[in-house]
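Got the viewer open and a hand on the selection tool? Let's take a walk through the model, stop by stop.

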Protein chains: 4
Amino acid sequence: MVGGGQGAFIGAVHRMAARLDESFELVAGALSSTPERSRASGAALGLERVYGTWEEMLAGESALPPERRIHAVSIVTPNHMHHPVALAFVRAGFAVVCDKPMTVTTLQARELEAAVAASGVVFAVTYNYTGYPLVKEARRLVADGVLGDLRKVVLEYHQGWLATRLEADGNKQAAWRADPAAAGLGGAVADIGSHAENLAATVTGLRVTELCGDLTPLVPGRQLDDDCNLLLRFEGGVKGVLVASQVAVGAENDLRITVSGSRGTLRWRQEEPNRLELALLEAPLQVYTRAGGPYLGSAAVAAARIPSGHPEGFIEAFANVYRNAARDIRLRAGEALLEGEPAPDYPGVSAGARGVAFVEAAVRSQALGSVWTEVG
Amino acid sequence: MVGGGQGAFIGAVHRMAARLDESFELVAGALSSTPERSRASGAALGLERVYGTWEEMLAGESALPPERRIHAVSIVTPNHMHHPVALAFVRAGFAVVCDKPMTVTTLQARELEAAVAASGVVFAVTYNYTGYPLVKEARRLVADGVLGDLRKVVLEYHQGWLATRLEADGNKQAAWRADPAAAGLGGAVADIGSHAENLAATVTGLRVTELCGDLTPLVPGRQLDDDCNLLLRFEGGVKGVLVASQVAVGAENDLRITVSGSRGTLRWRQEEPNRLELALLEAPLQVYTRAGGPYLGSAAVAAARIPSGHPEGFIEAFANVYRNAARDIRLRAGEALLEGEPAPDYPGVSAGARGVAFVEAAVRSQALGSVWTEVG
Amino acid sequence: MVGGGQGAFIGAVHRMAARLDESFELVAGALSSTPERSRASGAALGLERVYGTWEEMLAGESALPPERRIHAVSIVTPNHMHHPVALAFVRAGFAVVCDKPMTVTTLQARELEAAVAASGVVFAVTYNYTGYPLVKEARRLVADGVLGDLRKVVLEYHQGWLATRLEADGNKQAAWRADPAAAGLGGAVADIGSHAENLAATVTGLRVTELCGDLTPLVPGRQLDDDCNLLLRFEGGVKGVLVASQVAVGAENDLRITVSGSRGTLRWRQEEPNRLELALLEAPLQVYTRAGGPYLGSAAVAAARIPSGHPEGFIEAFANVYRNAARDIRLRAGEALLEGEPAPDYPGVSAGARGVAFVEAAVRSQALGSVWTEVG
Amino acid sequence: MVGGGQGAFIGAVHRMAARLDESFELVAGALSSTPERSRASGAALGLERVYGTWEEMLAGESALPPERRIHAVSIVTPNHMHHPVALAFVRAGFAVVCDKPMTVTTLQARELEAAVAASGVVFAVTYNYTGYPLVKEARRLVADGVLGDLRKVVLEYHQGWLATRLEADGNKQAAWRADPAAAGLGGAVADIGSHAENLAATVTGLRVTELCGDLTPLVPGRQLDDDCNLLLRFEGGVKGVLVASQVAVGAENDLRITVSGSRGTLRWRQEEPNRLELALLEAPLQVYTRAGGPYLGSAAVAAARIPSGHPEGFIEAFANVYRNAARDIRLRAGEALLEGEPAPDYPGVSAGARGVAFVEAAVRSQALGSVWTEVG
């Protein structure tokens, strides 16, 4: 693991997610931006091999015989470090699990995409929300044509934790997110908007081709947008909207998607992840549950661990990314799929690149006066 | 009543709303666009005075001695008829209750506004959703500064009844709404978007100054937009969005508003009108109910008829417009407010004009290529 | 109307309910227990014929020629007055709309039942909750066998308004309900438990044959039960429970029913009356809405006034009792059902008597030490 | 681990729960009732030490030097095996994590309680629902007197998975639960009713002193109750009800608790575990969330891993039992509590015994004709 030392939030989540299904065992890490803190964090976690920097870690692991090396590296640093670390590990032939947004610029994303193609390693981006079983079910319903011709996608992502100027109060999570040098030029649009974009792309299979964004830092003194609203146009004439904020007091992590087509509408909400609503023409609303019955597709079933009614949550969805990446590593190492086993199912480097292009287009739209902008 | 004959929907709602609190008794009408159907509809309702056309009605009522005339006329025709009928009755000194959008063009709205000012009559626009007690409470909470400085307004209005091309199947409601000659140039944006604008203006007291709209007829063969998404800018730097559709299969009449400020967020949803959510910084979410307790403001209390937990709905909210207009007619006729009685509280001609300007700006934004457009 | 004068709650509800659909026009009344207050209340309402007492009203109306008499009397007094007033009016040949519980004792109920049978008048009991369209739909689903063989009925009725000793603070509604001389020997079990019993009987068509009750006045100083929990056995081996309270702080009017059978389960909740949940074996949960589509039965459709998504509430459900009773009066007077019109549908004197027997059995169970007791 | 081999459900849950926080590493097991299947299951899980029977495991582990032995044994067999296995391991000085109901009879429970007292080992019962952070918060609110004097407890537990006769179709989970020899004499009352009892005791601190139960096998051909409804009396005159079923079609794992007192009411539902409703007299309803703010007590905060809005579920709650038991083992081994660290918090042998007594009283009540019965 690179990043995720003491004081970090997402590092611990990655560790629980990797452990839940015994997908990976954490053995080595360079956990902080300074060697001292890296070592302290590594010791606190009882790692076998603690490194001072990610460069040392890359060198150290590369020097080990293949059977003793790490099988994959998790990159959980602030955004600006994703690219150099990921690129280096990919080029050295290590599988990578990288946090989102994958890189800060499209140029970096393309470089990384090319490197992954060249090296053939497994590369997963932790768009963790698409790890939920019912998001996989939503994807299936759309793919099976249950909604008819798609018409509209409404994305919402409401948070409130940045409603005050936390970054000025020493909050480490807020501080790097509010700093363009660490976060890139997108604030909320990168931190949460990119999740929404991935959710839409996963469920509908469609790319955003054009957008018009209104990005604003609503909290006085903040540099990057903490609120963003975008009109979206998808491939095939599908219309859309993204409404996102990190200053909606009281909202916690309220990511939602609604997809409408000529025959039906789907609704899913991250804070109630174990239910999926399906409305069809002239029929009562139907509520799918996570493990609710024979009507569910195999991808949703495979992504659930316990019976419906026993809530699975954020960590379990996150763990699905790890579990699928781990499975893919074994398959590429020569194992075969079991009878009836679905193919590994996780967001890869292309999904990561698409997200970066989305954020970049939104930032450009805003910079040019909130105008319609193509997504590269 | 003008309009609202057999086959109409909203006429019957107006009649129930007028009757519920004995605000008005229906005695005269020109209920349809042809004299024969007007007379048949009037006879079916047992009206005292049935007219063949609204012009006959105006002439007939004007000819009666004042104490025998109608006290007010309800205009519940398709949109294009609101202006001529309202203008004529206002100029003749009759109070008017007019459906929304008040007129088809801003020019008409201004003319009507001037006529109302000149004649001094009571003029109510049935933006019925702002008649709900908890919308009045939301307005109070904002006005009292409970949310702090306002930052963002999210408006949603999801319907699905036009997901198929009903207007081609003889559905009377759909037919005139899909016809620019009767509905004006706005489809969904006028039919439901105008309600959302009024809701925002009522709750926040703010006008939309600028907007950028993406209006689309998503159902093949339809002329007017059945889906509209708008980026909004309100006075004072407040940002906003309106997401509306009439083709979201399964959605019924799902109007929602969320208002965020520096200290709190309000959420209200028309389909669950008896609850209002209030989130304040560092406090548990609070749920206000319609008649729930001593914390409620007087306007909400005055607008409720029965104890909380006994649901009041659409007709009751609609009736509040009638009740307040009726009260205002009596006050203007010389009655005095009772001890502790709140002043009459209903959307007037200015609110109507503001709605028309909003629709017109949205249509213009779309016509010019979905660009930012000032609201006149 | 008998009862329902100034200070009363339910009288005003009855009046709105009678008026909403123009079922009845209120023309005469003896509205309070003293002639002075009766006259003051009647004058305030602008009644044509104001009487000092119900006896005077009965005499006065009987003395009028039939075509000028009232068509029906609404009895909205405290419980102990229902029986004498209803009996006298029934015997005089007037139709009656009577509040619940219909009488205080089973003996009275039987006498009234016999009188109604003898006179042939329309007699409606305002078990208003069964007037909701989706309760009628629930009844249809059970009757059509959609749930399979019934197994269990769970009834809940949570209120909190009596959590403090309001009756000692001059609250008129609380005072008579807490007084055995006016309310009878059942407190919560009569006031709200009887509604729950009627809801179960309406939806399932089953009678409670045996019960074991734990009835308690939980607020110190109160005489009658304000909390009651009952184990129920219905005809045919169906098991059940009633959990009711008037001291559950924060609960408003939270009446719920769940019916399970071998193939499915129905759930309905009064505070969200416009949705009905239907769970069938191995299928996603379905949510029916009030006017939601072609799947609804004719009784539900007939009981709704406006499209789904436009909430109908308590007053509308109440009005359905009046509307159906009014229709039945006309039918018995010789009008014929229209093509496709459903037969009038309202709780009658037998439903009223069944409710009284239920309350009486619950009180007896408690008195004998909370033992199993047959329902007479 | 004893039990939990291939085909079992709860064994895998225990393993994930133990692993999530690295509370325990699974190293040894006797996973099935036959040595062959035990060995196959152990091999599949890659255990270090696989035993054919629990007796072999006890002997084997006891023979190891203390520092190489297991630190605790998880007992996840059908109910009838809990007692002999737990007793033997406790007497041998091993810490135990035991599934519920702890034993089949009160006699066994007392014997186990005495053994635990004698040996001084850590003994945890996986009443996992009380591991949820907001259940701990509910307990705190009651203990702090926020609800005033307690008056009533409503417990509900609705499941539907046994609505058909699964035990006749080869379903392993259903088969042993339907078999008195393996499950004991309580069906639903033991399998889910015992969870509800523990939830009530945890939140309120009160014991059930007396109950009257109506227990029924509603599915034809079933021996043990699959539906149970109980009137409850708690210490101090608090009234209660338990409504539970395993045949409510469509219900998944719908455990609920409502506690009312003189000043407020609490409501919590397992399927939405991240919210807790608190209603206080004359105030709006408040909704607490899992990690929602400074108003939360320390026990709830300590039991949450990630920010509110990121749902934690069943596995996380389960893991809290393991985490606390593991912590207690270390404390008893001589570690000290950290500054500000709350004491370990998990259901112990007394809670387990109380649950057994509850089930036994319910079964006795039924056997004697559904009469009031003291809880031993």
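Here is a tour that goes from one whole chain to its sheet and helices, then to two interfaces and a few backbone oddities. Keep in mind throughout that this is a predicted model.

**Stop 1: chain A on its own**

Hide everything but chain A and colour by secondary structure. You should find 12 helices and 14 strands. The radius of gyration is 20 Å, close to the 21 Å that the globule rule gives for 376 residues, so chain A is as compact as a globular protein of that length. Turn the C-alpha trace along its principal axes and it spans about 65 × 55 × 40 Å. Buried residues account for 63% of the 376 residues in this chain. If you like contact maps, plot one here: of the contacts between residues at least 6 apart in sequence, 67% join residues at least 24 apart.

**Stop 2: a three-stranded sheet**

Still in chain A, select β3, β4 and β5. These three strands make an open sheet in the order β3-β4-β5, with parallel pairing. As a reminder, strands of a sheet pair through backbone hydrogen bonds, either parallel or antiparallel. Which strands stand at the edges? They are β3 (72-75) and β5 (123-125) of chain A; each has a single partner strand, so one side of each is left without a neighbour in the sheet. Look along the sheet and you can follow a twist that averages 15° from one strand to the next.

Now zoom in on β3(A) and β4(A), the latter covering residues 95-98. They pair in the parallel sense over four bridges. For a landmark, label Ile75(A), which stands opposite Cys98(A) in β4(A). Then add helix α11 (residues 314-332) of chain A to the selection: this helix packs on the sheet and touches β3, β4 and β5 of chain A. Its direction makes about 170° with that of β4(A).

**Stop 3: two helices crossing**

Next, pick helix α6 (residues 133-143) and helix α9 (residues 188-204), both in chain A. Two packed helices are described by the angle between their axes and the distance between the axes. Here α6(A) and α9(A) pack at an angle of about 45°, with their axes 7 Å apart. That makes α6(A) oblique to α9(A).

Show side chains where they touch. On the α6(A) side you want Val135(A), Ala138(A), Arg139(A) and Val142(A); these meet Leu199(A), Thr202(A), Val203(A) and Thr204(A) in α9(A). By class, this contact has five nonpolar, two polar and one charged residues.

**Stop 4: chain B against chain A**

Bring chain B back. 31 residues of chain B are in contact with 32 residues of chain A. On the chain B side, β6 (150-158), β7 (208-216), β8 (227-234), β9 (239-245), β11 (264-269) and β12 (275-280) each supply at least two residues. Which of the elements gives the most? Select β9(B), which contributes four residues. Colour the chain B side by residue class and you get 16 nonpolar, nine polar and six charged residues.

**Stop 5: chain D against chain A**

Swap chain B for chain D. This time 20 residues of chain D are in contact with 20 residues of chain A. The elements that give two or more residues to the chain D side are α1 (10-20) and α11 (314-332) of chain D, and α1(D) gives the most, with four residues. The chain D side divides into eight nonpolar, six polar and six charged residues.

**Stop 6: backbone oddities**

To finish, a few spots to check residue by residue. Most residues other than glycine have a negative phi, and most peptide bonds are trans. Here are some exceptions.

- Lys100(B) to Pro101(B): this peptide bond is cis, with omega near -15°. Pro101(B) is in the loop between β4 (95-98) and α5 (106-119) of chain B.
- Lys100(C) to Pro101(C): the bond is cis, with omega near -15°. Find Pro101(C) in the loop between β4 (95-98) and α5 (106-119) of chain C.
- Glu282(C): not a glycine, but with a positive phi of about 60°. Look in the loop between β12 (275-280) and β13 (285-289) of chain C.
- Ser370(D): also not a glycine, with a positive phi of about 60°. Go to the loop between α12 (349-367) and β14 (372-374) of chain D.

Buried or exposed, for Glu282(C) and for Ser370(D)? Glu282(C) is exposed, with 12 other C-beta atoms within 10 Å, whereas Ser370(D) is buried, with 22 other C-beta atoms within 10 Å.

How values were computed. Residues are numbered from 1 along each chain as its sequence is written. Chains are lettered from A and ligands numbered from 1 in the order in which they are written. This is a predicted model: local features need pLDDT of at least 70, side-chain atom pairs count only at pLDDT 80 or more; totals for chains, interfaces and linings use all residues. Axes are lines fitted to C-alpha atoms, for helices over the stretch in contact, and angles run from 0 to 180 degrees between N-to-C directions. Angles under 35 degrees count as roughly parallel, over 145 as roughly antiparallel, 65 to 115 as roughly perpendicular and the rest as oblique. Two residues are in contact if their C-beta atoms, placed from the backbone, lie within 7 Å. Ala, Val, Leu, Ile, Met, Phe, Trp, Tyr, Cys and Pro count as nonpolar, Asp, Glu, Lys and Arg as charged, and the others, Gly among them, as polar. Two strands pair if DSSP finds at least two bridges between them. The radius of gyration is taken over C-alpha atoms; the globule rule is 2.2 Å times the number of residues to the power 0.38. A residue is buried if 20 or more other C-beta atoms lie within 10 Å of its own, exposed if 12 or fewer, and partly exposed in between; C-beta atoms are placed from the backbone.
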